[in-house]
Amino acid sequence: MKIAFIGLGNMGGGMAANLVKAGHDVRAFDLSEDALNAAKESGCTVFGTAKEAVEGVEAVVSMLPNGAIVKSVYSDDVIGGAPAGAVLLDCSTIDVATAREVIAMAQDAGYDMVDAPVSGGIAAAAGGTLTFMVGGSQTAFSRAQPILDAMGKNVIHAGDAGNGQAAKICNNMLLGIHMIGTCEAFATAKKLGLDPQTFYDISSVSSGQCWSMTSYCPLPGVGPQSPADNDYKGGFATGLMLKDLKLAMAAAETAGVDTQMGQRARELYEAFAEDHGDLDFSAIILELSK
Ligand code: NAD
């Protein structure tokens, strides 16, 4: 397929490369020269504007920083620029309301469109092992699925437009909360005289077990390889966790849900991000175990 890819940063670069590997003709646009050079090296054709990149394509995929940018790229360049009948996939993490607004604009102009945010970081984007949570009509989902399959290992239809974003921020609110809980448990165990490895051996097969402990342990040398074993470099940046917690808190407020643990997680990550926004989010254990 002829696919335009807009936003080839840390995540989009790897995702576009996987579309090339799957045999697609990928037309790339990014504001960054470096991102475009890397895209060229992975086999994309690069363009100087989004309008040129979407000319004559069958699909458009975007991986952009926030909702305001997604809205402007779609309303200025993609809607009306891409041929009628192209399927549109926004994989960025953005607020639910903007996702629904952009999809409604696209539908009014005759396009099928999905919001398809991801779980998984830069390594999963490069390795093609992302999980996509997809919002949109059944028709839009069925058209998007084969494209998403080339970039991920799980593609799940979450319901109507915006439900992909809803799933993403609820998932990441839970992730932020259980990472903090895991860090507090390790810090307390240690101060009570319990060896961290021994606590891991017990808790990982007991009722405290969770993903933050057994798949992404915040302590170096304990559990499987994780960013903790690499001085908290790589992985999922604290700044991005904070972004998602802010989106989750805004959505919860709009929906009238009292998310006290989510709110506290947002506050703790906000304080930690002041000096450590680039470190993996599990590095918050450095603060919580002081
Ligand atoms: P990034 O900053 O590395 O990449 C974003 C890219 O978009 C940049 O290359 C930038 O130049 C480009 N861009 C910005 N405005 C543009 C415009 N108007 N037109 C064209 N290109 C434009 O960010 P990232 O880490 O790749 O994240 C992208 C999205 O994926 C975000 O929504 C983020 O929340 C989400 N996400 C990131 C991760 C992660 O681990 N990095 C994990 C899951 C989801």
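**View 1. Gly9 sits in the loop that links strand E1 (2-6) to helix H1.** Welcome to the first close-up of this predicted model. With 18 C-beta neighbours inside 10 Å, Gly9 counts as partly exposed, because a residue needs 20 or more such neighbours to be called buried. Once its neighbours within four places in sequence are set aside, Gly9 is in contact with Ala35 and Met63. If you would like a distant partner for a distance label, try His276: 267 residues separate Gly9 and His276 in sequence, and their C-alpha atoms are 21 Å apart in space.

**View 2. The ligand is surrounded by a shell of 26 residues.** Which of these come nearest to the ligand? They are Gly9, Asn10, Met11, Thr93 and Gly121, so Gly9 from the first view turns up again here. Three helices each supply at least two residues of the shell: H1 (10-21), H4 (67-78) and H11 (238-255). Helix H1 makes the largest contribution, with three residues. Sorted by class, the shell has 16 nonpolar residues, eight polar ones and two charged ones.

**View 3. The ligand shell lies between the two domains.** Why is the shell placed there? Both domain 1 (2-161) and domain 2 (166-288) give residues to the shell around the ligand, so it lies between them.

**View 4. Lys168 carries the "active site" annotation in the unreviewed UniProt entry.** This lysine is found in helix H8, which covers residues 163-191. Is Lys168 buried or exposed? Lys168 is buried, because 27 other C-beta atoms lie within 10 Å. Leaving out its neighbours within four places in sequence, the contacts of Lys168 are Thr93, Pro117 and Met133. Thr93 is a handy landmark for moving between views, as it is also one of the residues that come nearest to the ligand.

**View 5. Domain 1 (2-161) and domain 2 (166-288) divide the protein chain.** Their C-alpha centres lie 29 Å apart. Where the two domains touch, nine residues come from domain 1 and eleven residues come from domain 2. On the domain 1 side, the touching residues are five nonpolar, three polar and one charged.

**View 6. Residues 162-285 are annotated in the unreviewed UniProt entry as "domain: 3-hydroxyisobutyrate dehydrogenase-like NAD-binding".** This span is 62% helix and 0% strand. Its end C-alpha atoms lie 33 Å apart.

**View 7. Zooming out, the protein chain has 13 helices and nine strands.** Along the principal axes, its C-alpha atoms fill a box of roughly 65 × 45 × 35 Å. For a compact globule of 290 residues one would expect a radius of gyration near 19 Å, and the 20 Å of the protein chain agrees with this. Of the 290 residues, 51% count as buried. Looking at contacts between residues at least 6 apart in sequence, 64% join residues at least 24 apart.

Note on methods. Residues numbered from 1 in each chain as written. Predicted model: local features only at pLDDT ≥ 70, side-chain atom pairs only at ≥ 80, totals over all residues. Near = placed C-beta within 6 Å. Helix = DSSP H or I, 4+ residues; strand = E, 2+ residues; numbered from the N terminus. Nonpolar A, V, L, I, M, F, W, Y, C, P; charged D, E, K, R; others polar. Domains from an automatic or database assignment. UniProt positions renumbered as here; feature names shortened; annotations may be inferred. Buried ≥ 20, exposed ≤ 12 C-beta atoms within 10 Å, placed from the backbone. Contact = placed C-beta atoms within 7 Å. Rg over C-alpha atoms; globule rule 2.2 N^0.38 Å.
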